[in-house]
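Here is a note for a colleague who is opening this structure for the first time. Please keep the sequence and the model side by side while reading the points below.

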Amino acid sequence: MRRVNIIAGIIIFIFPLFFIKSVFRQIEVYEKGKIVKMKIVEKPASCLGTKVKWFMKVEDKGNIYSTQIWGIIVKITV
């Protein structure tokens, strides 16, 4: 039982360390990022509901990215 507790403690301590890099990357983007114009390639047919995760594909310089959107897309001018 003691061995299980030690292993669980190590996992609980080490697991968040994997997310620290991701969090710092997001902070860096927020602080040093730039707004760019992108072309919408694909959007969901309906975006109703705020608790549902919807994904939209956008293109920039030939690269296609999938980004999460929330809520309602009222009007998109392409």
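1. The place to begin is the sheet of this predicted model, which is open and consists of three strands in the order β1-β2-β3, with antiparallel pairing. The strands β1 (39-42) and β3 (63-69) stand at the edges and have a single partner strand each, so one side of each is left without a neighbour in the sheet. On average, and with direction ignored, neighbouring strands of this sheet are turned by 40 degrees against each other.

2. The wider layout is easily stated: the protein has two helices and three strands, and from the N terminus on these elements follow the order α-α-β-β-β. A reader tracing the chain therefore comes to both helices before the strands, as the order α-α-β-β-β says.

3. Confidence deserves a careful look before any detail is read, since the protein averages a pLDDT of 78, with 79% of the residues scoring at least 70. Among the elements, β1 has the highest mean pLDDT (88), whereas helix α2 (residues 17-32) has the lowest (79). Where pLDDT is low, the predicted coordinates should not be read in detail.

4. How many bridges connect the strands of each pair? Strand β2 (residues 54-60) pairs with β1 in the antiparallel sense over three bridges, and on this side E42 stands opposite K57 in β2. Seven bridges join β2 to β3, and these two strands also run antiparallel; here V58 has Y65 in β3 as its bridge partner, while M56 stands opposite T67 in β3.

5. The connection between β2 and β3 is a hairpin with two residues between the strands. K61 lies in this loop, and its phi is positive, at about 55 degrees, although K61 is not a glycine. Is K61 buried or exposed? With a relative accessible area of 77%, K61 is exposed, because a residue counts as exposed when this value is over 50%.

6. D60, which lies in strand β2, merits a separate check, as this residue is buried yet has no salt bridge. The nearest side chain of opposite charge belongs to K61 and is 5.1 Å away, so this pair falls outside the limit of within 4 Å that a salt bridge requires. Leaving aside residues up to four places away in sequence, D60 touches K37, M38 and Y65; of these, Y65 has already appeared as the bridge partner of V58.

7. Two figures for the whole protein complete the picture. Buried residues make up 9% of the 78 residues, and D60 is one of the buried residues. Of the contacts with a separation of 6 or more, 14% are between residues 24 or more positions apart.

Definitions and conventions: Residues are numbered from 1 along each chain as its sequence is written. This is a predicted model: local features need pLDDT of at least 70, side-chain atom pairs count only at pLDDT 80 or more; totals for chains, interfaces and linings use all residues. Side-chain values use heavy atoms; hydrogens and water are left out. Two strands pair if DSSP finds at least two bridges between them. Helices (H or I, at least four residues) and strands (E, at least two) are DSSP runs, numbered from the N terminus. Axes are lines fitted to C-alpha atoms, for helices over the stretch in contact, and angles run from 0 to 180 degrees between N-to-C directions. Buried means under 20% relative accessible area, exposed over 50%, partly exposed in between (1.4 Å probe, protein chains only). Lys and Arg count as positive and Asp and Glu as negative; His and the chain ends are not counted. Contact means heavy atoms within 4.5 Å. pLDDT is the predictor's confidence in each residue, from 0 to 100.
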